[in-house]
Amino acid sequence: MEADAVFEGGGVKGIAFVGAIEVMEAKGYTWKKLAGTSAGAIVAALLACGYNSAEIRKLMSSLDYMKLLGRTGMNSLPFLNKALPLMLNSGIYSNHILEQVMTDWLKRKNIVTFGDLPEGKLSIIASNISNGKIVVFPNDLPHYGLKASEFPIAAAVRMSTTLPFFFKPYIWHTPLQKKPYYMLDGGMLSNYPIWLFDVDGIPRWPTIGFRLSEKRTYAQSVDINGPVSLLKGMFKTMLQAHDQRHVDEHAEERTVFIPTGKVTTTKFDLTEEDKHSLLSSGHAAAEKFLETWDFEAYKHKFRENHAAKPIHPYFNEQQEEPGIYH
């Protein structure tokens, strides 16, 4: 069965995706197009560049996650090791180590830029906080004076995974702009871009989404009693509120919901038990999804009488035509 796949953001919890795609591959699924935000961008990129689930499991198992926290001299200062870089760089750590790791992994498959892939194979979501717009790599690159054949996939993955305040922003210099753009995690504008591959009419193959949460999560209230709690509430709102509008019954029908327990987005000191739990959860979630998933029933329920493309701000703001979407 051919399908498109869309992976949600979720930091280190993204390991759970590996368990899910192992099941999907075992059931005969192959991926036409792939997209992801943040942690989902990593998995989507690896799959698009030719890695299978077994190979990705091996990569993830061998990775020292604590080393992904690119530390600077300021991180070694007592007492101010987090506060000082946050104040001066708008982020505690640097995300350059992940870019280096991804560059190495992709080169093993002889892939460097988006131009090395078939057109439309991979889409990565990032947030341009300088102009307030979502960026979908690579099809938005012409808006910035760049070509897919010139732009490294690893750089897009780094932008998409640059968590606000945790990592310092990616400063992106482009030919059409004198001032650089400040780029952050794609989850600020679309943490779960399940809409990305939707088409006019009835699709020839399904889009299956993978979320790192229980089914149909709702944002919990936050008690605001100071600047720290205010910042926490703002961050949760950025990551959840936008996509919650689009995760309706239609999206639920085609989504694999993966519970991640108490593992948090930034728990880089993962234990072996944590990793095993996430992989097992992904495996179980995919099996549960496939027990009831029926593409023909989905089309009859949601597409035959609702053929128009869902309206999404991206299409209104970024481009007059949907571009590469099938």
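Is Asp274 buried or exposed? In this predicted model, Asp274 has a relative accessible area of 15% and is therefore buried, since the cut-off for that class is under 20%. The residue is found in helix α10, which spans residues 272-292. Leaving out residues up to four places away in sequence, Asp274 touches Val263 and Lys267.

## Helix α10 and its salt bridge

Helix α10 also holds a pair of charged residues, Lys275 and Glu272, whose side chains meet in a salt bridge with an N to O distance of 3.4 Å. The two residues are three residues apart in the helix, so about one helical turn separates them. Their surroundings can be described one by one. Lys275 has a relative accessible area of 12% and is buried, whereas Glu272 counts as exposed at 59% relative accessibility.

## Salt bridges

The structure holds nine salt bridges. Three of them are listed below.

| Pair | N to O distance | Location |
|---|---|---|
| Arg211 and Glu8 | 2.9 Å | strand β9 (residues 207-211); loop between β1 and α1 |
| Asp198 and Arg254 | 2.8 Å | loop between α7 (187-190) and β9; loop between α9 (249-253) and β10 (255-257) |
| Lys275 and Glu272 | 3.4 Å | helix α10 |

Arg211 and Glu8 are 203 residues apart in sequence, so their salt bridge ties together parts that are far separated along the chain by that count. Both Arg211 and Glu8 are buried. The pair of Asp198 and Arg254 likewise links distant parts of the chain, with the two positions 56 residues apart in sequence numbering. Asp198 and Arg254 are both buried.

## Strand β2 and its partners

Strand β2 is mostly covered, six of its eight residues being buried. On one side of the description stands strand β1 (residues 2-7), which runs parallel to β2 and is joined to it by five bridges. Within this pairing, Phe7 stands opposite Gly36 in β2. Between the two strands the chain passes through helix α1 (residues 15-26), and this β-α-β crossover is right-handed.

Strand β2 also pairs with β4 in the parallel sense, over four bridges. Here the bridge partner of Thr37 is Ile125 in β4.

## Backbone features

Which residues other than glycine have a positive phi? Ser38 is one of them, with phi near 55°, and Asn110 is another, with phi of about 60°. Most residues other than glycine have a negative phi, and most peptide bonds are trans.

The two residues can be placed as follows. Ser38 lies in the loop between β2 (30-37) and α2 (39-48), and at 3% relative accessibility it counts as buried. Asn110 is found in the loop between α5 (96-107) and β4 (122-128), and at 67% relative accessibility it counts as exposed.

A cis peptide bond joins Phe137 and Pro138, with omega of about 0°. Pro138 belongs to the loop between β5 (133-137) and α6 (153-160).

## The nonpolar cores

Which residues touch the most other members of the largest nonpolar core? Among its 79 residues, these are Phe137, Ile153 and Trp172. Phe137 is thus a member of this core as well as a partner in the cis peptide bond. Neighbours within four places in sequence aside, the contacts of Phe137 include Phe114, Leu122, Ile124, Phe151, Ala156, Met159, Trp172 and Met183. Another core of 11 residues lies apart from the largest one, and its members include Ile125, Ile194, Trp195 and Phe197. In soluble globular proteins, nonpolar side chains tend to be buried together.

Ile125 thus appears both in this second core and as the bridge partner of Thr37.

Helix α6 follows the loop that contains Pro138. How many of the eight residues of α6 are buried? The count is eight of eight, and the helix is mostly covered. The buried residues are Ile153, Ala154, Ala155, Ala156, Val157, Arg158, Met159 and Ser160. Of these, Ala156 and Met159 are in contact with Phe137, while Ile153 is one of the residues that touch the most other members of the largest core.

Notes: Residues numbered from 1 in each chain as written. Predicted model: local features only at pLDDT ≥ 70, side-chain atom pairs only at ≥ 80, totals over all residues. Heavy atoms only, no water. Buried < 20%, exposed > 50% of the residue type's maximum accessible area, 1.4 Å probe, protein only. Contact = heavy atoms within 4.5 Å. Core = buried A, V, L, I, M, F, W, Y, C linked by side-chain atoms within 4.5 Å. Pairing = 2+ DSSP bridges. Right-handed = clockwise from strand over helix to strand, strands pointing away. Salt bridge = Lys/Arg side-chain N within 4 Å of Asp/Glu carboxyl O.
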